[in-house]
Amino acid sequence: RGGAKGAPATPQCQAADEAAGEARESGEPQTFPSGRRWGSRAARLVSAWARSGATPSAGAGEREDEAASAAGEAGTGTSSALGASFNILCIVVGTGLLNLPYAVSRSGWVGVPLLVLMAAMATYTAALLGRCIVLVEEEERRAGGMRASLASRATPPPRGASSVSYGDLGEAAYGRPGRWFVNSQVHITLVGVAIVYHLLAALNIHSLAADSLSMAASVALVAALVWLHVFLKTLGEVALLSYFNIAVNVALLCTVVAASLERPPASPPRTALVASDAFAFGSAFASFGFAYGVHPVLPSVRASMRSPRLYPRTVVASMAGTLLFYLPISAVCYARYGDAVRSPVMDTPPLAGS
């Protein structure tokens with residue numbers, strides 16, 4: 001191994017020094033099998049590692065694998081698996097809950113199994129996203145070598161910080177253009193969804209207090225309430241609000257179902273197996289897809305977990321929980337009122353006064 005001052009350099013050390021010198025002279029970054037590009041700084045780290053005589057051995061490789069495995073089991077987040085499940089459930093089950101009966105009325109009874117199918121698809125794609133994040137993390141550890149052990153271990157990411165983002169996945173698959181494209185799509189999605197929920201919340205507040213609050217005042221009130229969330233720095237802290245929000249949704253579900261069973265329609269409901277209007281079916285299909293729109297925040301949810309290895313189970317439990325909300329309110333309200341159901345469901349004539 002050598003490494004003492006004045007000791008002759010090994011052929012491996014000479015090769016590493018020559019590679020580092022060529023990288024510095026050409027100014028071109030080296031491309032490794034992982035697709036990641038290193039600059040001259042990484043080459044100097046390799047050269048320093050070679051001169052130190054720290055030649056990797058089989059035991060060192062095993063220790064690296066053990067450390068990588070331990071890193072995957074013990075994350076840098078602060079949220080428990082239960083808290084992460086409630087975060088996902090709270091994001092999925094929201095204002096759209098009251099819109100689902102109307103969506104089923106636009107599609108027919110086939111919309112109920114479609115909800116189950118989309119829940120399975122959302123679960124699979126969410127689990128696949130977690131696997132992709134793990135692959136990128138492992139590739140970075142392997143390609144990083146001493147850079148990972150010197151840099152990332154010396155300055156670990158802050159607790160709750162996401163180590164792999166959607167942009168990283170895009171770059172790993174398609175290079176730098178992939179990062180730009182994916183990041184732009186994610187930000188456009190997040191801003192668009194935030195606008196939709198902001199307006200829906202303002203409309204609901206305005207409908208409850210139309211005499212005292214204008215629409216502009218309702219929008220400003222919602223903005224002020226949402227702004228308070230900036231004081232919650234991690235998703236582990238947001239989990240406390242998620243518990244409360246899920247309790248509200250449970251109360252809302254029970255209230256709507258009970259009121260539907262107590263208030264029959266004025267005429268027998270008209271239902272269909274499949275809607276004959278293709279445009280109506282397409283709008284219902286879009287509503288079903290929107291009902292599971294949680295994927296843009298899943299990398300952050302996984303990074304917030306103390307045990308990221310539990311992420312797949314967390315996703316399965318969360319998506320199964322959404323069906324406990326979606327199926328009862330959709331099936332009961334559509335069976336009770338048929339095509340007469342409105343969006344939100346509380347605007348349906350028999351329920352309007354409840």
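**Exercise 1.** In this predicted model, determine whether Y334 is buried or exposed.

*Solution.* The relative accessible area of Y334 is 0%. Buried means under 20%, so Y334 is buried.

**Exercise 2.** Find how many aromatic pairs the whole structure holds, and classify the pair formed by W109 and Y334.

*Solution.* Searching the whole structure gives four aromatic pairs. One of them joins W109 and Y334, with ring centres 4.9 Å apart. The planes of these two rings stand at 65°. An angle over 60 degrees counts as edge-to-face, so the W109 and Y334 pair is edge-to-face.

**Exercise 3.** State which parts of the chain the W109 and Y334 pair ties together, and give the exposure class of W109.

*Solution.* W109 sits in the loop between helix 5 (100-107) and helix 6 (111-144). Y334 belongs to helix 14 (residues 311-337). The pair therefore ties together parts 225 residues apart in sequence. W109 has 28% relative accessibility and so counts as partly exposed.

**Exercise 4.** Classify the pair of Y292 and Y326, then locate both residues.

*Solution.* The ring centres of Y292 and Y326 are 5.5 Å apart, and their planes lie at 75°, so this pair is edge-to-face. Y292 is in the loop between helix 12 (278-290) and helix 13 (298-303), while Y326 is in helix 14. The two residues are 34 residues apart, and the pair links distant parts of the chain. Both Y292 and Y326 are buried.

**Exercise 5.** Give the element that contains V134 and the C-alpha to C-alpha distance from V134 to V164.

*Solution.* V134 is part of helix 6. Its C-alpha lies 8.7 Å from that of V164, with their positions 30 residues apart in sequence. V134 has a relative accessible area of 30%, so V134 is partly exposed.

Conventions:
Residues are numbered from 1 along each chain as its sequence is written. This is a predicted model: local features need pLDDT of at least 70, side-chain atom pairs count only at pLDDT 80 or more; totals for chains, interfaces and linings use all residues. Side-chain values use heavy atoms; hydrogens and water are left out. Rings of Phe, Tyr and Trp (its six-membered ring) pair if their centres lie within 6.5 Å; planes under 30 degrees apart count as stacked, over 60 as edge-to-face and the rest as tilted. Helices (H or I, at least four residues) and strands (E, at least two) are DSSP runs, numbered from the N terminus. Buried means under 20% relative accessible area, exposed over 50%, partly exposed in between (1.4 Å probe, protein chains only).
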